[in-house]
Amino acid sequence: MIENYIAKEIDCACGRKHTSRVETIVIKRGVIDNEFVKYIKDGAFKKLIVVCDKKSYAAAGERVCAALENAGVAYRLHRFSEQPLTPNEHAIGNLAMDITPDIDLIVAVGSGTV
């Protein structure tokens, strides 16, 4: 179902066309250990930001960061502190302040909120 929105132009009820710039979403067991670093290296990404909240960091974010470190890939960690995370203007502004122009990939670790 989500693949209907990835890297596609969407006709909206508002009368406009919207484009998703999300290129890849991978949801499956073992992706961190098997495909994640390969995807980063194949894409030649150099500066990443890993985005998570407290719970998703404990569940998988820590392993994502370890995989990046083991592969020698530079990254910045943005961990939302509020629990539960509320997807509002404050959260978006908080994240936007941490994304610098040299970031070439955002890695979201977590549920739909992240």
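Which residues does Ala-91 touch, not counting residues up to four places away in sequence? Figure 5 has the reply; the overview comes before it.

**Figure 1. The whole chain, a predicted model.** Local features here need pLDDT of at least 70, side-chain atom pairs count only at pLDDT 80 or more, and totals for chains, interfaces and linings use all residues. Residues are numbered from 1 along each chain as its sequence is written, and side-chain values use heavy atoms, with hydrogens and water left out. The chain holds three helices and five strands, where helices (H or I, at least four residues) and strands (E, at least two) are DSSP runs numbered from the N terminus. Going along the sequence, you get β-β-α-β-α-β-α-β. The C-alpha trace spans about 45 × 35 × 30 Å along its principal axes. Of the 114 residues, 28% are buried; buried means under 20% relative accessible area, exposed over 50%, and partly exposed in between, with a 1.4 Å probe and protein chains only. Take the contacts (heavy atoms within 4.5 Å) with a separation of 6 or more: 64% of them come from residues 24 or more positions apart.

**Figure 2. Helix H2, with its kink and its two ends.** H2 covers residues 54–71, and its 18 residues at 1.5 Å a residue should span 26 Å; the end C-alpha atoms sit 24 Å apart, which agrees. That expected span is 1.5 Å times one less than the number of residues. A kink of about 60° is centred on Ala-60, the bend being the angle between axes fitted to the seven residues ending at a residue and the seven starting there. At the N-terminal end, Asp-53 acts as the cap, with a side-chain oxygen 3.2 Å from the backbone nitrogen of Lys-55. Just past the helix, Gly-72 takes a positive phi of about 75°. Asn-70, also in H2, counts as exposed because its relative accessibility is 71%. The C-alpha atoms of Asn-70 and Asp-33 are 11 Å apart, with their positions 37 residues apart along the chain.

**Figure 3. The buried side of H2 and the core around Val-64.** Among the buried residues of H2 are Tyr-57, Gly-61, Cys-65 and Ala-67. Their cover includes helix H1 (31–42) and strands E3 (47–53), E4 (74–80) and E5 (105–108). The largest nonpolar core has 19 residues, and those with the most contacts inside it are Phe-36, Ile-40, Leu-48, Val-64, Leu-68 and Val-107. Such a core is a set of buried Ala, Val, Leu, Ile, Met, Phe, Trp, Tyr and Cys residues joined through side-chain atoms within 4.5 Å. H1, E3, H2 and E5 each give two or more residues to this core, and H2 gives the most, with six. Apart from it lies another core, of seven residues, among them Ile-49, Val-51, Phe-80 and Leu-95. In soluble globular proteins, nonpolar side chains tend to be buried together. Leaving aside neighbours within four places in sequence, Val-64 is in contact with Ile-32, Phe-36, Val-50, Val-107 and Val-109.

**Figure 4. Strand E5 and its partner E3, with Ser-56.** E3 and E5 pair in the parallel sense over four bridges; two strands pair if DSSP finds at least two bridges between them. Val-50 has Val-107 of E5 as its bridge partner. Leu-105 and Val-107 make up the covered face of E5, while Ile-106 and Ala-108 form the uncovered one. Ser-56, in helix H2, counts as buried because its relative accessibility is 8%. Its side chain reaches the backbone oxygen of Val-109 at 2.9 Å, a polar contact: a pair of N or O atoms within 3.5 Å where, within protein, one must be able to donate a hydrogen and the other to accept it, and residues adjacent in sequence count only if both atoms are side-chain atoms.

**Figure 5. Ala-91 in helix H3.** Back to the opening question: Ala-91 touches Phe-80, Leu-85 and Thr-86. Ala-91 belongs to H3, residues 89–96, and counts as buried because its relative accessibility is 5%. Ser-81 is 10 residues away in sequence, and its C-alpha is 9.8 Å from that of Ala-91.

**Figure 6. Two backbone oddities in loops.** Pro-84 lies in the loop between E4 and H3, and the peptide bond from Gln-83 to Pro-84 is cis, with omega near 0°. Ala-44 is in the loop between H1 and E3 and has a positive phi near 55°. Most residues other than glycine have a negative phi, and most peptide bonds are trans. Ala-44 is partly exposed, at 45% relative accessibility.
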